[in-house]
Amino acid sequence: MKFILITGLSGAGKSQAANFLEDAGYFTVDNMPTVMIPEFVQLCMEEVPQHEKVALVSDIRGGTNFAALFTALDRLKELGCDYTLLFLEASVPTIIRRYKETRRSHPLAGDGLSLEEAMQKEWALLAPVRARADEIIDSTNFATTAKLRSTLLERMGESANTGMGVSVMSFGFKYGLPLEGDLIFDVRFLPNPFYIPELRKLSGLDQPVLDYLNQFPETRAFLDKLRDMLAFLLPLYEKEGKTALTIAVGCTGGQHRSVALCHSTALMVRELGFPVTEHHRDISRDRK
């Protein structure tokens, strides 16, 4: 079992690191009490099938008894669990800026301590933990979370290209916008098959509807331009660290134009080399 214990300074990116490892296939737990770590790891090792990759976050929120942390790590060795102790840090000005942006309180900011004083106290408390760390990542100069992600995965021996999954869905504007949509395209500019009596009861997955829509040059022009846009955008989203993207295609009722164009878009995304799922939210609503 591959086991990573993430610790370090508050505001240095520990929770984000856990999220990135989760996307890379790790079973993750944030803020686990130190005394529970050996029992939890032993349980993971004994499960069938066992977890092959596990990452835990343990930091100042769990208390300042770091002797217990070292005891837990020694216990892991006894269990035959090779672990990596990862320590994340950043400069004091950087962490102060991050706390101001999020408006959260530092775990040690009580008892009248300023944010800077709380950070200095945390630095001193965590010094023995940092000294024992196998890997140290300084996120001070990471302008984006993508830089933290790529550095983390590289240092942990994981591929930075974990793959971005794309979901393509059709919907009807009359039933509301899909909240999960990252990119939303309105295809109501195309002629509506709903007004063709022999097509009304069909859907955009039926060949007569596809043939009807494909006879219009604007349909082909839209798909050509959309392919160029997606060929440009999708690698950039993946490079930035996005692991899931939802493309939503809408028409009035979500049964003809949006369904047909959604299906064509899904085929397009697959041709561009991205794993894709296709979903038609409103295709089964009553047709009147």
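This text walks through a predicted model, from a sheet to two residues and then a pocket.

Start with the sheet. Four strands form an open sheet in the order 7-8-6-9. Their pairing is parallel. The edges are strand 7, residues 183-186, and strand 9, residues 276-280. Each of these edge strands pairs on one side only. From one strand to the next, the twist averages 15 degrees.

Now look at one edge of that sheet. Strand 7 runs parallel to strand 8, which spans residues 244-251. Four bridges join the two. Which residue of strand 8 does Asp-186 stand opposite? The partner is Gly-250. A helix also covers this part of the sheet: helix 9, residues 217-239, lies across strand 7 and strand 8. Helix 9 runs at about 175 degrees to strand 7. Angles here are taken between N-to-C directions and run from 0 to 180 degrees, so helix 9 and strand 7 point in nearly opposite directions.

Move next to helix 2, residues 37-46, where Phe-40 is found. Is Phe-40 buried or exposed? The relative accessible area of Phe-40 is 16%. Buried means under 20%, so Phe-40 counts as buried. Set aside its neighbours within four places in sequence, and Phe-40 is in contact with Phe-27, Val-29, Met-32, Val-54 and Leu-56. Glu-52 lies 12 residues from Phe-40 along the chain. The C-alpha atoms of Phe-40 and Glu-52 are separated by 14 Å.

Just before helix 2 comes a loop worth a look. This loop lies between strand 2, residues 27-29, and helix 2, and it holds Asn-31. The phi of Asn-31 is positive, about 60 degrees, although Asn-31 is not a glycine. Asn-31 has a relative accessible area of 31%. That value falls between the 20% and 50% cut-offs, so Asn-31 is partly exposed.

Last, the largest pocket. Its volume is about 580 Å³. The lining has 23 residues, and those closest to the pocket centre are Gly-11, Ala-12, Gly-13, Gln-16 and Arg-98. Which elements give two or more residues to this lining? They are helix 1 (14-23), helix 4 (92-102) and helix 6 (145-155). Helix 4 gives the most, with five residues. By type, the lining divides into six nonpolar, 10 polar and seven charged residues.

Key
Residues are numbered from 1 along each chain as its sequence is written. This is a predicted model: local features need pLDDT of at least 70, side-chain atom pairs count only at pLDDT 80 or more; totals for chains, interfaces and linings use all residues. Side-chain values use heavy atoms; hydrogens and water are left out. Two strands pair if DSSP finds at least two bridges between them. Contact means heavy atoms within 4.5 Å. Buried means under 20% relative accessible area, exposed over 50%, partly exposed in between (1.4 Å probe, protein chains only). On a 1 Å grid over the protein atoms alone, a cavity is a set of points where a 1.4 Å probe fits but cannot get out, and a pocket is an open set with protein on both sides within 12 Å along at least five of seven lines; lining residues have an atom within 4 Å of a point. Grid points are joined across faces, edges and corners, and a volume is the space filled by probe spheres set on the points. Ala, Val, Leu, Ile, Met, Phe, Trp, Tyr, Cys and Pro count as nonpolar, Asp, Glu, Lys and Arg as charged, and the others, Gly among them, as polar.
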